Each structure stands twice: as C-alpha cells, then as structure tokens.
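Let's go through this one by asking how each label was earned. Have a look at the structure, then follow along.

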Amino acid sequence: MTRRTIVLDANILIRAVLGERIRERDPDDWPALACALALSCPIWTEDADFFGTGVPTWTTSRVRLFLAPEITGTPETS
C-alpha cells in the first residue's frame, strides 16, 4: 500500500469551514473568529470586521464598564 501525503492550506480550509462568516472581511481575522467559535466566547475588538459574523464582540469601553462598575456608578451584581 502506498502512502500519500496531503498538504492543506490552512487559509483555504478555514475559509471553507467559516464560509460566509469571514467572507469579504480581513483575511487575517480568521484565527480569532475560529477560536471564538470553537470556544463559544466573544471577541474583544475595535474592529468592525467582526460585526455580523455571529460572534458577540466587546469593545474596550464595554469591557471597562463590565470590569469596573464602581467607576461608572453602576451597582455590582452578585
């Protein structure tokens, strides 16, 4: 039996899997999008390319509000 080696281009493979989510966006964004989808977590970004991908995004201003409620005068929730 002869063994064959198949070499796959990660960019082509990921684009095929992510499909429309990454289409027409910055091609360098796919690793972050793939990780967010795999881990079911949001992306902390100021980059609008992630909007409409189906993954929640947090901007720095939202993260600050979430992490420092005492600064904004918002009561903490337990």
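Q: This is a predicted model, so what average pLDDT does the protein chain have, and what share of the residues score at least 70?
A: The protein chain averages a pLDDT of 78, and 67% of the residues score at least 70. Where pLDDT is low, the predicted coordinates should not be read in detail.

Q: Which element of the protein chain has the lowest mean pLDDT, and which the highest?
A: The lowest is helix H4, residues 69–72, with a mean of 62. At the other end sits strand S2, residues 57–58, with 94.

Q: What does the protein chain look like in terms of helices and strands?
A: You'll find 4 helices and 2 strands. Read from the N terminus on, they come in the order α-α-β-β-α-α.

Q: How much of the protein chain counts as buried?
A: Of the 78 residues, 19% are buried. The accessible surface of the chain comes to about 6400 Å², and carbon and sulfur atoms own 58% of that.

Q: Why is Thr53 called buried?
A: The cut-off for buried is under 20% relative accessible area. Thr53 has just 3%, so the label buried fits. You can spot Thr53 in the loop between strand S1 (43–44) and S2. Setting aside residues up to four places away in sequence, Thr53 touches Arg21, Arg25 and Leu33.

Q: What makes the link between the side chain of Thr53 and the backbone oxygen of Phe50 a polar contact?
A: Two things to check here: the N or O atoms must be within 3.5 Å, and one must be able to donate a hydrogen while the other accepts it. The side chain of Thr53 reaches the backbone oxygen of Phe50 at 2.8 Å, so the distance passes the 3.5 Å limit. Thr53 has another partner too: a polar atom of its side chain lies 3.5 Å from the backbone nitrogen of Val55.

Q: How do you know whether Thr45 is buried or exposed?
A: Try the cut-off of under 20% again. Thr45 comes in at 11%, so Thr45 is buried. Thr45 is also in the loop between S1 and S2, and its side chain reaches the backbone nitrogen of Asp47 at 2.8 Å. Leaving out neighbours within four places in sequence, Thr45 is in contact with Phe50, Thr57, Trp58 and Thr59.

Q: Why is there no disulfide between Cys35 and Cys41?
A: A disulfide is a covalent bond between the sulfur atoms of two cysteines. To be counted, the sulfurs must be within 2.5 Å. The sulfur of Cys41 is 7.8 Å from the closest cysteine sulfur, in Cys35, so that's too far for a bond. A search of the whole structure fits with this, finding 0 disulfides.

Q: What makes Cys35 and Cys41 partly exposed?
A: Partly exposed is the zone between buried, under 20%, and exposed, over 50%. Cys35 has 45% and Cys41 has 29%, so both land in that zone.

Q: Why is the pair of Trp58 and Phe66 called edge-to-face?
A: The whole structure holds 1 aromatic pair. Its rings, in Trp58 and Phe66, have centres 5.3 Å apart and planes at 80°. Centres within 6.5 Å make a pair, and planes over 60 degrees apart make it edge-to-face, so Trp58 and Phe66 earn that name.

Q: How exposed are Trp58 and Phe66?
A: Trp58, at 30%, counts as partly exposed. Phe66 has 58%, which is over the 50% cut-off, so Phe66 is exposed.

Definitions and conventions: Residues are numbered from 1 along each chain as its sequence is written. Side-chain values use heavy atoms; hydrogens and water are left out. Buried means under 20% relative accessible area, exposed over 50%, partly exposed in between (1.4 Å probe, protein chains only). Accessible areas come from the Shrake-Rupley method with a 1.4 Å probe; for residues, only the protein chains shown count as cover. pLDDT is the predictor's confidence in each residue, from 0 to 100. Contact means heavy atoms within 4.5 Å. Rings of Phe, Tyr and Trp (its six-membered ring) pair if their centres lie within 6.5 Å; planes under 30 degrees apart count as stacked, over 60 as edge-to-face and the rest as tilted.
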